[in-house]
Amino acid sequence: MENKMNIKDMYQKVGNLNEEIQNQEDGGKDTNIHNWLYKMAFEKSPDAMLMLEDHRIIDCNESAVRYFGYDTKRELLKYMPYELSPVIQPDGKPSMVKALEMIIQAEKNGNHRFEWVHKNKMGQSIFTEVVLTLFPIENRSVMSASLRDITENNKARLALVASEQKYKQLFHNANDMIFLHATNGDKGPGKIIEANDIACMKLGYSREELLKMTPRELNTENMKKFVSRNTEKLLKERYATFETVLEAKEGDKISVEINAHVFNMQGKDVVLSVVRDITERKETMKLLGETIAYDKLKTEFFANISHELRTPLNVMFGTLQLLELYLQKGNETMNTRDIERHVKRMKQNGYRLLRLVNNLIDITKIDSGYYEVNLQSDDIVRLVENITLSVAEYVESKGISLEFDTDIEEKVLACDPDTLERVMLNLLANAMKFTNPGGMIKVNVHDKAEHIVITVSDTGIGIPKEKLNSIFERFRQVDKSLTRSHEGSGIGLSLVRSLVELHGGTITVESVVGKGSSFIITLPVKSVKDKTQEDHPIGTEKQSKIERIHVEFSDIYSINI
Ligand code: ADP
């Protein structure tokens, strides 16, 4: 019957009651009507309300029953407050512990407002704003709990927090360095406002240090001058991509690519720069460039070597044809001297092919680590002198004078005579190839105590300054054209350098175009105990040496004949 009462009737009844209470002599001791009124206010409140005593729920209103998704009061009253919550609250505290804390707080202050997560009958979470109000009744601790559903508000707030966290994670865990910095108009970039963890790590500065700096200070001395120009372009176009080099706190240089955007933050232009470390990319590009260049060089080498292989073969076949013709026609057309000349020419070109093949084989052996140097104790002065004298006849036959000079009589050191002979013959052949008749070739041996210095100088055409560094490189020739005036494959000096290095020595060159060149070999004076020159049978050595001179000088004869 009370439930059917409308608001107007209720006010009427309350008004009458007040009057009645004031008129009563006992000052309103009759509280039946009050009880009923409070009960109604509690029962009909649109907010879910619970009455708690000793941490238990002793009463609840209809809204509370609906709030938790139950059908009857009795169902709801079975639970302790914390049982209407998930085990753990969002701050990580167990609901049971936290509920107790909240109640104690309300007992202390008379009331307490806080946020809580409840769980309805279906197990769904309800974000709730709770107000606990204490009613001290005769030493009893009764309190009301008014619950307001703030799930919707919280969803938006939680989404905001989540997206903020997501961006924070993205910002700090990105692979690239990210900076937010102010702008300073014409004066370039302003102070750094924010920098991510990667930026701190890569540059070796703490965040506090970075926030006191401007991006200009992070550039290397060389790149600083471009910063203003880049900033100007950036402010004009609002977006820019450029490359620069940053310097870390410890001095390491980092090549970077910067993608920068300008945007307005609270009325001011700020720049967001995503800075990518491209050191590796740069190195790969450099390597790629080198590989392409080397590949080109190799292609040139093959073109060149084909020419080198074909020329002597052509000469040999041409000579063979002449001899065949002679055989067909009988001996009136050719005398013995002519035959001798043709045979010599064929032999010479055979040697030329052999030299090329030998050099290729040796280069391959050295590259794969299979070239063996037989070090033995030998008198280097005698060795170099003998090699020089052995080619004197050839050199002088071309109208070039040859000189040998030394400042010591004898110096025994660890060397491989055959290998050193290859080295010397190569250098002498080159000197002869590039020196015109009337010129001079000098071979010197100098004693420098710990080292022996062997110099092969000529008064030939010389080598241009810019080519001096590359002549020891594989496949390099100063004049690469197929119509060049001198034959050669461009592997001789590369082989010479490798052979000298196998002795622990070095080779350098000094040259002036039009005046001549000097090749300087420095060999360390070391000793080996087990082998001596006597181990080598002189006769066979002599024999093979002549053969080897033919081979090493084959380039020159083929042209002369
Ligand atoms: P090649 O087999 O072509 O002679 P090398 O490796 O021996 O190859 O020499 C490389 C290049 O160095 C030669 O093509 C030549 O241009 C230059 N060169 C070598 N020695 C001399 C020299 N004594 N005088 C001038 N140029 C030289």
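In what order do the five strands of the open sheet lie, and how are they paired? In this predicted model, the strands follow the order 12-14-15-17-16, and their pairing is mixed. The sheet ends at strand 12 (401–406) and at strand 16 (506–512), the two edge strands, each of which pairs on one side only. On average, neighbouring strands of the sheet are turned by 15 degrees against each other, with direction ignored.

Within this arrangement, strand 14 (residues 440–448) and strand 15 (residues 451–458) run antiparallel and are joined by eight bridges. An individual pair can be located here: Asp447 has Ile452 in strand 15 as its bridge partner.

Helices also pack against the sheet. Helix 13 (residues 380–390) touches strand 12, strand 14, strand 15 and strand 17 (516–524). The direction of helix 13 makes about 175 degrees with that of strand 12. Helix 16 (residues 492–502), in turn, lies across strand 16 and strand 17, and runs at about 140 degrees to strand 16.

Helix 16 leads from the sheet to the helical part of the description. Two packed helices are described by the angle between their axes and the distance between the axes. For helix 12 and helix 16, the angle is about 45 degrees and the axes are 10 Å apart. Helix 12 is therefore oblique to helix 16. Their crossing is left-handed. On the side of helix 12, the residues involved are Asn359, Asp362, Ile363 and Ile366; they meet Ser494, Leu495, Ser498, Leu499 and Leu502 of helix 16. Sorted by class, this contact comprises five nonpolar, three polar and one charged residues.

Helix 12 (residues 336–367) also packs with helix 11 (residues 279–329). How are the directions of helix 11 and helix 12 related to each other? Their packing angle is about 160 degrees, and their axes are 10 Å apart. Because angles over 145 degrees count as roughly antiparallel, helix 11 and helix 12 are roughly antiparallel to each other. The crossing of helix 11 and helix 12 is left-handed. By class, the contact of helix 11 with helix 12 contains 16 nonpolar, five polar and three charged residues.

Taken together, these elements can be followed from the sheet outwards. Strand 16 is an edge strand, helix 16 lies across strand 16 and strand 17, helix 12 packs with helix 16, and helix 11 packs with helix 12.

Note on methods: Residues numbered from 1 in each chain as written. Predicted model: local features only at pLDDT ≥ 70, side-chain atom pairs only at ≥ 80, totals over all residues. Heavy atoms only, no water. Axes fitted to C-alpha atoms, helices over the stretch in contact; angles between N-to-C directions. Helix = DSSP H or I, 4+ residues; strand = E, 2+ residues; numbered from the N terminus. Parallel < 35°, antiparallel > 145°, perpendicular 65-115°, else oblique. Left-handed = near helix turned anticlockwise from the far one by under 90°. Nonpolar A, V, L, I, M, F, W, Y, C, P; charged D, E, K, R; others polar. Pairing = 2+ DSSP bridges. Contact = heavy atoms within 4.5 Å.
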